[in-house]
Every structure is written in structure tokens, then in C-alpha cells.
Amino acid sequence: MAGGVFSSFPSKINPDEKYIIYSHGLIVEGSDTRPLHPKFGAYEFDLIKDALVIGDEFNVIAEHRPKNTEIIPYARKLASWVKALVSAGVEPSNITLVGFSRGGELTAYASSELDELNINTVLLATCWSGSVQSNPTVAFGGNFLSVYETTDEALSCKEIAKKSRRLVSFKEISISTGKEHGAFFKPLEEWVVPVRQWIESKAVNKPLQRTSR
């Protein structure tokens, strides 16, 4: 179904549609899809998924990870999903990996494995000292958007962009909500709107196939 939200990788892929793969923060790992943080409140995972659906041609894949998910195996799982989409005929520019915090770390690892493809990568509040703290060697291809909150400890991802020789474009946006890391616990317009606009701007419509008579 076009414009759908999937909790796991869909069994059927439409090559003419666009796919966003969203990876949530660490607090959501486990059995609760709406966990409460003592300072930042509820993590609105379901609302965020719905907010990322841009239109009828966009699908959001957002799996609820189990507790203590291992980074490398799961990042490879994300990468395998992207490869499956490409194999099914989806244009790489119509595939976007989006991740927040620990989800951004997973997204960064996966995107780094896919740097030869021109996919889109969005990191939300993921970088310390300009890069992913646990692996400062990650580098991307395609298009890269970084969004961070000015009152948070996770700030610019510019060091990743500097190292990414296959990168087609890089854009970074700072927001100032005063909510620190919790700014990304909810689908606030301050970050959702620019992320949606950026993803839509990178997507392409495949030309219609003409049949000979």
C-alpha cells in the first residue's frame, strides 16, 4: 500500500515508490514502543513514523528493535534492506536512511557500507566532535543531511562530510528548541518539516516505460 508505514521490511516492493528507513533511539529498544524518559518525557515512536510519511509515493520502514541490539549486525541488516530495494528496481536517490542517536549510529554504519550507492542519509543528533563517537571513520556517498539541537551534547556532523569523498551533497541544520536531546523524542515541526522537505527534494520520479507496438 502506497504511503504506508511498515514495522518490518515489506514483502512486496514497488520500484516506482520511495522508501524511508527510520531507526529510533536507544531508549525504545525493548518491549515498550512509547518509553518514558525522566527528563525528556515520552518517546513518540509511532507519531514520528507517521510524521515521516511524505505522500502517497513514500513508505516508511521502522522496525522496533529488541533490547541490547548489537550495532554491527543490525547495521548490516539495514544495509541489506537497502540492497534489496535497489535490487527490486528502486532508484537509490529514492531511498533514505534516517536515524536518531543510537539509531543514527546504526544508520551511519549502514550508510558507510553503501557509500558506492547514491542513497540519502539523515542523522539526527548523532555526532560528537563532528563524527560518530564509536566509529569516527564512517564516510558516506550520495546525499547527507545532519540535524542537531543547539542545546544538546550531540552537535555537528561536519567531519563525516569532510571524509566522505563519494558524497554528492551535504547540508546541516541546527534547531533551537531548548529541549536538548529530547527535541527528537517527538515529531516537532522544527526538525520534521526540514527533513521531509530535504528527502522530497532528493527523490526522483522514474521515467515512464514506453512499450513498442
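Begin by selecting T96 and N120: N120, in strand β7, is the bridge partner of T96. The model on screen is predicted, so local features are described where pLDDT is at least 70, side-chain atom pairs count only at pLDDT 80 or more, and totals for chains, interfaces and linings use all residues. Residues are numbered from 1 along each chain as its sequence is written, and side-chain values use heavy atoms, with hydrogens and water left out.

**The sheet and its helices**

Colour strand β6 (residues 95-100) together with β7, and you will find the two running parallel and joined by five bridges. Strands here are DSSP runs of E with at least two residues, helices are runs of H or I with at least four residues, and both are numbered from the N terminus; two strands pair if DSSP finds at least two bridges between them. Widening the selection shows an open sheet of seven strands, ordered β1-β5-β2-β6-β7-β8-β9, with parallel pairing. At its edges lie β1 (5-6) and β9, each of which pairs on one side only.

Now add helix α3, which packs on the sheet and touches β2, β6 and β7, its direction making about 145° with that of β6. Helix α5 (residues 189-202) can be shown next, lying across β2, β5, β6, β7, β8 and β9 and running at about 170° to β7. Contact means heavy atoms within 4.5 Å, while the angles run from 0 to 180 degrees between N-to-C directions, with axes fitted as lines to C-alpha atoms, for helices over the stretch in contact.

**The disulfide and a neighbouring threonine**

Which residue is joined to C127 by a disulfide? Select C157, whose sulfur is 2.0 Å from that of C127; a disulfide is a pair of cysteine sulfur atoms within 2.5 Å, and by this rule the count comes to one. The pair links distant parts of the chain, since C127 is in the loop between β7 (120-124) and β8 (141-149) and C157 is in the loop between β8 and α4 (158-163), 30 residues apart. The link is right-handed, with 100° about the S-S bond, and both cysteines are buried, where buried means under 20% relative accessible area, exposed means over 50%, and partly exposed is in between (1.4 Å probe, protein chains only).

Move to T126, which lies in the loop between β7 and β8. T126 counts as buried because its relative accessible area is 3%. Its side chain reaches the backbone oxygen of L124 at 3.0 Å. Setting aside residues up to four places away in sequence, the residues that T126 touches include F100, S101, S131 and A154.

**Salt bridges**

How many salt bridges does a search of the whole structure find? The search finds 11, a salt bridge being a side-chain nitrogen of Lys or Arg within 4 Å of a carboxyl oxygen of Asp or Glu.

For one of them, select E57 and K18, whose closest N and O atoms are 2.7 Å apart. This pair links distant parts of the chain, with E57 in the loop between α1 (45-51) and β5 (58-61) and K18 in strand β2 (residues 18-23), 39 residues apart. E57 is partly exposed, with a relative accessible area of 39%, whereas K18 counts as buried at 3% relative accessibility.

Go on to helix α1, where the side chains of K49 and D46 meet in a salt bridge at 3.2 Å, N to O. These two residues are separated by about one helical turn because they are three residues apart in helix α1. K49 counts as buried at 10% relative accessibility, and D46 is partly exposed at 40%.

Then select R166 and D115, which form a salt bridge with their closest N and O atoms 2.8 Å apart. R166 lies in strand β9 (residues 166-175) and D115 in the loop between α3 (102-113) and β7, so the pair ties together parts that are 51 residues apart in sequence. R166 is partly exposed, with a relative accessible area of 44%, while D115 counts as buried at 19%. Adding E116 to the selection completes a network, in which salt bridges that share partners join D115, E116 and R166.

**A last stop at A62**

Is A62, found in the loop between β5 and α2 (71-87), buried or exposed? A62 counts as buried, because its relative accessibility is 0%. Not counting residues up to four places away in sequence, A62 touches F6, S7, Y22, F45 and K49.

Definitions and conventions. A polar contact is a pair of N or O atoms within 3.5 Å; within protein, one must be able to donate a hydrogen and the other to accept it, and residues adjacent in sequence count only if both atoms are side-chain atoms.
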